[in-house]
Structures are given as C-alpha cells and as structure tokens.
Amino acid sequence: MKNLNLSVIGLGKLGSPMAAVFAKKGFNVIGLDVNPEFVSKINAGTAPLQETQLQEYVNSGKANLRATTDYDDAIKNSDITFIILPTPSDDSGFFSNDYVLSSVTKIGAALRSKTGYHLVVITSTTMPGATNGIIRETLEKSSGRKLGPNLGLCYSPEFIALGSVIKNMLNPDFILIGESDRQAGDVLQSIYSQTCENTPLIKRMTFTSAELTKLCVNTFVTTKISFANMVAEYCEHLEGAEAEIVMDAVGSDSRIGKKYLQGAIGYGGPCFPRDNRAFYALGQEFGLQADLAKASDTINNHQVVRLKKTINQIAQNKHTVAILGLAYKPETDVAEESQGVLLANILCNDGYSVTVFDPMAVLNSKKLLDNQINIAQDLEDALKNNEVIVITTPWAQFSALPDLIDATRARIIIDPWRVINPEQLPETVLLITMGRTLQSKP
C-alpha cells in the first residue's frame with residue numbers, strides 16, 4: 001500500500017507536521033488549507049509555522065509534498081483524506097463540528113466525480129456520537145455514497161503535545177482507530193504501520209467508543225496532574241513534607257505510575273482543559289455524576305490563585321515581579337490557558353508591576369496580556385529591577401538564572417518546576433520550590 005496517495009485537510013499546528021511526516025515516510029501527500037500563505041510556504045519548501053523538527057521534515061519530504069486550496073485537486077488525487085481542523089469548544093463545553101462538517105461537505109462533493117474507494121479519517125477531536133451521526137450523515141449525503149465498499153470512514157485522533165508533535169506522531173504509546181468497517185480500519189492501520197518508528201498498540205473499535213476513549217485519556221491525565229498539585233499544596237502546610245518525594249513514592253506503585261505526578265502548577269494548552277470540560281459536559285447532558293472531572297478542573301483553576309498567595313506571602317513590599325514562561329509548556333509558542341499569562345494578568349490587576357518573558361510565546365501572548373504588563377526582550381532584561389522571579393514554564397534556558405543573578409541584591413525565585421540548582425545560587429537569593437513549607441532562607 002506504499003503507493004497510496006494521501007491528503008491532509010488543515011495545515012495548522014498538527015496538520016503540517018502530519019503532512020510532512022507522511023511525505024518523509026514516502027507517501028505522496030497533498031496538503032489543503034484555506035490560508036494561502038500556508039499553502040505557498042509548503043509549496044516553497046518552508047514550514048508554515050514553528051514546531052520542533054517541522055522544517056527538517058518538510059525538507060526531507062519535499063519531493064512527495066505539495067499543497068493546494070482546491071478540494072477537487074486534493075480529493076481526486078488522493079486515496080485517503082485526513083481531516084485535522086479545529087473543533088472549538090462552545091459555552092457548554094461541547095465541541096463544535098462546523099469546520100469539520102464544512103470540509104466533509106466539500107470532500108463529498110469532490111467524490112461525486114471520482115470512482116474507486118476513498119477513506120476519510122477524522123483526526124480532529126469530536127464529541128462521542130458525532131462521527132457516526134452528523135459527520136457520517138453529511139459525508140454520505142454530499143458524496144452520494146453509503147459507507148461500505150467504495151467509502152470508508154475512521155475516527156483517529158492524535159495524542160500529541162505541541163513542541164513535540166513529530167516525535168509523538170512517530171512514537172505513539174498506542175494508535176486509536178474508530179472504524180466504519182474492517183476494510184477502513186485495515187487501510188488506516190497499514191498507513192500507521194509504515195509511519196510509526198516504534199511498534200505501538202493498535203486499538204480498533206466503534207466510532208463512539210473511540211471518541212469516548214480520547215476524552216477519557218486526557219481527563220484521566222488531568223486528574224493525575226490535579227491530584228499531584230493538590231498534594232503539593234498539602235505539603236506546603238505540613239512541616240517536613242516534600243511533594244516531589246511523596247509523589248515519586250506514590251508513582252512507584254504499578255497501579256499508578258509516575259507520569260504526570262510532578263506537583264507543580266496547573267495544566268493549560270489547547271487539549272487538556274477543554275477535553276476535561278467536554279467530558280464533564282457530556283455527563284451533565286445525560287444527568288450523570290461527573291464530579292471527578294469537575295473537581296480536576298476546579299483544582300486546576302485554583303493553582304494560579306495558590307501561586308499568587310505564595311507571592312503575596314513572601315513578596316511583602318516587593319511588588320516588582322518577573323514571570324518567566326508564557327507558553328503552556330516548553331518548546332512551543334502556544335500560550336492558550338497558560339499559567340504564566342493567567343498569573344501575569346492577576347498580579348497586574350492586584351497592583352504589581354509585572355514583567356514577562358518567554359523564548360517563543362511572546363507574540364502569541366500579547367493579545368492575552370493586560371497592556372500595562374511589561375514584555376522583556378530577553379532573559380537578562382526580565383531580571384532587571386524585579387525582586388520576585390517566578391518560573392511558570394520549565395524552559396531549559398531558565399536553569400541559567402544563577403549565572404545572571406546579581407549577587408549583591410536580595411531576590412526571591414519561585415520555581416515550582418525545580419529547574420534551578422539551589423547550590424548555584426548566591427546567598428542573597430531565597431529559592432521557593434513550592435510543594436514544601438516556605439523557607440525563611442535559601
């Protein structure tokens with residue numbers, strides 16, 4: 001099946017890496033996007049956005065990769081179409097299918113004048129029931145075909161993190177496939193088997209089971225994060241308790257595991273918060289008890305308040321604060337629901353003089369930040385005249401703080417992620433790691 005031609009609808013932060021990975025692995029790939037700039041960049045051999053290794057993979061796969069804005073071109077010249085478009089959350093917490101349905105309608109229209117088998121893969125996250133409901137109905141109606149020998153449909157979301165999208169795509173823990181029938185699942189599994197560099201488990205099931213699985217995975221992960229953060233706050237009120245030691249021991253139990261048990265601050269980004277809220281909203285829709293998901297969200301929202309209380313407690317009259325980290329995680333420029341942005345705005349509203357810095361996410365953060373917040377040009381600039389320094393994103397670059405700190409001035413560093421080596425700090429610096437009782441000296 002190596003000669004199958006693929007199309008990827010949506011060349012954003014997930015679609016561009018997916019197209020580039022498929023192309024490097026030898027598939028002929030057509031990317032489609034309504035943004036002509038993304039299309040032009042792909043055709044010029046340039047990554048349309050910032051993502052680790054993306055330019056490298058565009059370079060390696062450019063002989064097999066092109067882009068277009070024309071659905072007829074993309075569909076008629078491909079055998080499998082991956083849809084990886086936004087499904088934004090509405091006020092209820094449910095996901096909107098508007099972009100996906102618009103794309104499915106155009107795909108169906110293009111299929112009317114094409115013969116042979118075509119597989120459509122929904123990679124966007126959807127609510128349970130959507131793929132076998134409105135999406136299937138729209139595809140069948142617009143194409144004039146029924147799912148079967150000439151038309152396949154799969155739901156197969158990615159479990160990835162921005163900043164490591166390509167690495168995650170190549171080495172997934174498992175592949176999730178919701179399939180219309182065995183043929184559709186077999187075709188998609190073959191694609192993944194030729195793409196993945198590890199040998200992941202393949203979990204094939206109905207559409208609805210797969211959609212629920214996607215929400216369950218992220219909801220469970222957010223539960224682990226919130227639990228670890230809750231324990232970290234306990235430790236701050238118990239003399240001699242240290243969160244990192246407690247959670248390391250807890251994670252040693254094979255029933256629990258150590259991943260995502262680092263007590264620090266809250267989660268953010270485009271997936272975890274909204275998937276957890278969607279899981280809760282789904283339970284509410286059916287009148288079910290979904291209190292665990294709600295509690296995870298509540299505890300997560302509390303983390304920035306907890307961090308602010310720590311600052312209030314130790315800052316005293318020192319009201320100049322530098323916040324290091326606006327991206328929701330390292331190696332990405334995405335600032336959606338990031339702890340750094342939330343904290344900066346809260347402190348600014350409380351009268352603090354706030355300076356922020358991030359290696360990549362400054363541009364995307366500007367529209368989210370209060371206009372009274374100062375944006376530093378670099379790390380050294382961020383440290384000037386600020387008595388309290390808070391590390392909200394564990395960028396590796398921030399471990400260099402001890403080399404940049406003026407030893408003649410008293411400073412307070414709050415490091416929830418423990419990126420700073422305390423032995424490298426001058427005596428004038430008080431280091432607060434959180435997850436343990438506050439110290440009166442370094």
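A salt bridge is a side-chain nitrogen of Lys or Arg within 4 Å of a carboxyl oxygen of Asp or Glu. In this predicted model, the side chains of Lys24 and Glu56 meet in such a bridge, at 3.9 Å from N to O. Lys24 lies in helix 1 and Glu56 in helix 3 (residues 54-61), so the pair ties together parts that are 32 residues apart in sequence. Lys24 is partly exposed, with a relative accessibility of 35%, and Glu56 is partly exposed at 39%.

## The eight-stranded sheet

Helix 1, which holds Lys24, packs on a sheet. Eight strands make up this open sheet, in the order 3-2-1-4-5-6-7-8, with mixed pairing. Its edges are strand 3 (65-68) and strand 8 (201-205), each of which pairs on one side only. On average, neighbouring strands of the sheet are turned by 25 degrees against each other, direction ignored.

Helix 1 (residues 15-24) touches strand 1 (5-9), strand 2 (28-32), strand 3 and strand 4 (80-83). The direction of helix 1 makes about 170 degrees with that of strand 1. Helix 8 (residues 182-195) lies across strand 1, strand 4, strand 5, strand 6, strand 7 (174-179) and strand 8. Helix 8 runs at about 155 degrees to strand 7.

Strands of a sheet pair through backbone hydrogen bonds, either parallel or antiparallel. Strand 5 (residues 118-122) and strand 6 (residues 151-155) pair in the parallel sense, over five bridges. Within this pair, Val120 has Leu153 of strand 6 as its bridge partner.

## Salt bridges

Side chains of opposite charge can pair when their charged atoms come close. The count for the model comes to 19 salt bridges. Three of them are listed here.

| Pair | Closest N to O |
|---|---|
| Lys24 and Glu56 | 3.9 Å |
| Arg204 and Asp186 | 2.9 Å |
| Lys308 and Asp350 | 2.9 Å |

Arg204 forms its bridge with Asp186. Arg204 lies in strand 8 and Asp186 in helix 8, so this pair ties together parts that are 18 residues apart in sequence. Arg204 is partly exposed, with a relative accessible area of 27%, and Asp186 is partly exposed at 34%.

Lys308 bridges to Asp350, and the pair links distant parts of the chain, 42 residues apart. Lys308 is in helix 12, while Asp350 is in the loop between helix 13 and strand 10. Lys308 counts as buried because its relative accessible area is 19% and the cut-off for buried is under 20%. Asp350, at 40%, is partly exposed. Elsewhere, Glu242, Glu244, Arg418 and Arg436 are joined into one network by salt bridges that share partners.

## Two nonpolar cores

The largest nonpolar core has 50 residues, of which Ile311, Leu324, Val354, Leu401, Ile413 and Ile414 touch the most other members. Elements that each supply at least two residues of this core include helix 12 (291-315), strand 9 (320-324), helix 13 (339-349) and strand 10 (353-357). Helix 15 (379-383), strand 12 (388-391), strand 13 (411-414) and strand 14 (429-432) do so too. Leaving aside neighbours within four places in sequence, Ile311 is in contact with Val321, Leu343, Leu347, Tyr352, Val390 and Ile414. Another core, of 43 residues, lies apart from the largest one. Among its members are Phe22, Phe38, Leu119 and Ile191.

Helix 13 has as its buried residues Gln339, Gly340, Val341, Leu343, Ala344, Leu347 and Cys348. These buried residues pack against helix 12, strand 9, strand 10, helix 14 (362-365) and strand 12. Just after helix 13, Gly351 takes a positive phi of about 100 degrees.

## Annotated regions

An unreviewed UniProt entry places the feature "domain: UDP-glucose/GDP-mannose dehydrogenase C-terminal" at residues 322-422. Over this range the chain is 24% helix and 18% strand, and the end C-alpha atoms are 19 Å apart.

The UniProt annotation "binding site", also from an unreviewed entry, covers Asp33, Thr87 and Thr125. Asp33 is in the loop between strand 2 and helix 2 (36-43). At 11% relative accessibility, Asp33 counts as buried. Not counting residues up to four places away in sequence, Asp33 touches Gly10, Leu11, Gly12, Phe38, Val39, Thr68 and Thr69. One of these, Phe38, is also a member of the core of 43 residues.

Terms used
Residues are numbered from 1 along each chain as its sequence is written. This is a predicted model: local features need pLDDT of at least 70, side-chain atom pairs count only at pLDDT 80 or more; totals for chains, interfaces and linings use all residues. Side-chain values use heavy atoms; hydrogens and water are left out. UniProt positions are given in the numbering used here, feature names are shortened, and annotations may be inferred rather than shown by experiment. Helices (H or I, at least four residues) and strands (E, at least two) are DSSP runs, numbered from the N terminus. Two strands pair if DSSP finds at least two bridges between them. Axes are lines fitted to C-alpha atoms, for helices over the stretch in contact, and angles run from 0 to 180 degrees between N-to-C directions. Contact means heavy atoms within 4.5 Å. A nonpolar core is a set of buried Ala, Val, Leu, Ile, Met, Phe, Trp, Tyr and Cys residues joined through side-chain atoms within 4.5 Å. Buried means under 20% relative accessible area, exposed over 50%, partly exposed in between (1.4 Å probe, protein chains only).
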